[in-house]
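Biologist: Can you walk me through this one at the bench level? I'd like to start with the charged side chains.

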Amino acid sequence: MIKAGDLVGWSEGYHGEHPRLDELDDCGIVVSIYKKPALGFGHLPMERIRIAWFKDPDEAIDEYPISWAIEEVENRTLVILSQS
């Protein structure tokens, strides 16, 4: 399971087990995983992930739904390179 402090890699073209850094489009650190409050009564809080990408420092930290990250890990587009 992905968690804060993990080093992750992103590649749309690589889908193997253990990519080299030159095979990745970008890599970054998982800054946090947190729950965003529900938007209204009866709605569940949304779990979000924040990743600081190395090659895209202008964007600082990108935020995604955790469901996106889990799906990308299952598809091997987002790879956990090192766990904290």
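Biologist: Is Asp 6 buried or exposed?
Modeller: This is a predicted model, where local features need pLDDT of at least 70, side-chain atom pairs count only at pLDDT 80 or more, and totals for chains, interfaces and linings use all residues. Residues are numbered from 1 along each chain as its sequence is written, and side-chain values use heavy atoms, leaving out hydrogens and water. Buried means under 20% relative accessible area, exposed over 50%, and partly exposed in between (1.4 Å probe, protein chains only). Asp 6 has 0% relative accessibility, so Asp 6 is buried.

Biologist: Which residue does Asp 6 form a salt bridge with?
Modeller: A salt bridge here is a side-chain nitrogen of Lys or Arg within 4 Å of a carboxyl oxygen of Asp or Glu. The closest N and O atoms of the pair are 3.8 Å apart. The partner is partly exposed, with a relative accessible area of 33%. That partner is Lys 3.

Biologist: How many salt bridges are there by this rule?
Modeller: Besides the pair with Asp 6, Asp 22 forms one with Arg 20, with the closest N and O atoms 3.2 Å apart. Both of those residues, Asp 22 and Arg 20, are exposed. By this rule the count is four.

Biologist: How many residues apart in sequence are Glu 63 and Arg 48?
Modeller: These two form a salt bridge, their closest N and O atoms being 3.0 Å apart. Helices (H or I, at least four residues) and strands (E, at least two) are DSSP runs, numbered from the N terminus. Glu 63 lies in strand 4 (residues 61-65) and Arg 48 in strand 3 (residues 46-53), so the pair ties together parts whose separation in sequence is 15 residues.

Biologist: Is Arg 48 buried or exposed?
Modeller: Its partner Glu 63 is partly exposed, at a relative accessible area of 32%. Arg 48 has 13% relative accessibility, so Arg 48 counts as buried.

Biologist: Which residues are joined into one network by salt bridges that share partners?
Modeller: We already met the pair of Asp 22 and Arg 20. Shared partners make one network of Arg 20, Asp 22 and Glu 23.

Biologist: On to the helix. Within what arc do the buried residues of helix 1 fall?
Modeller: Helix 1 covers residues 66-74, and its buried residues are Ile 66, Ala 69 and Glu 72. The arc is that of the directions from the helix axis to the C-beta atoms. Seen down the axis, the buried residues line one face of the helix, because they fall within an arc of 125°.

Biologist: Which strands do those buried residues pack against?
Modeller: Contact means heavy atoms within 4.5 Å. In sequence, the chain runs β-β-β-β-α-β. The buried residues of helix 1 pack against strand 1 (7-10), strand 2 (26-36), strand 3, strand 4 and strand 5 (78-82).

Biologist: What is the nearest side chain of opposite charge to Glu 72?
Modeller: Lys and Arg count as positive and Asp and Glu as negative, with His and the chain ends not counted. Glu 72 is buried yet has no salt bridge. Not counting residues up to four places away in sequence, Glu 72 touches Trp 10, Thr 77 and Leu 78. The nearest side chain of opposite charge is 12 Å away, and belongs to Arg 76.

Biologist: What is phi near for Arg 76?
Modeller: Arg 76 follows helix 1. Its phi is positive, near 65°.
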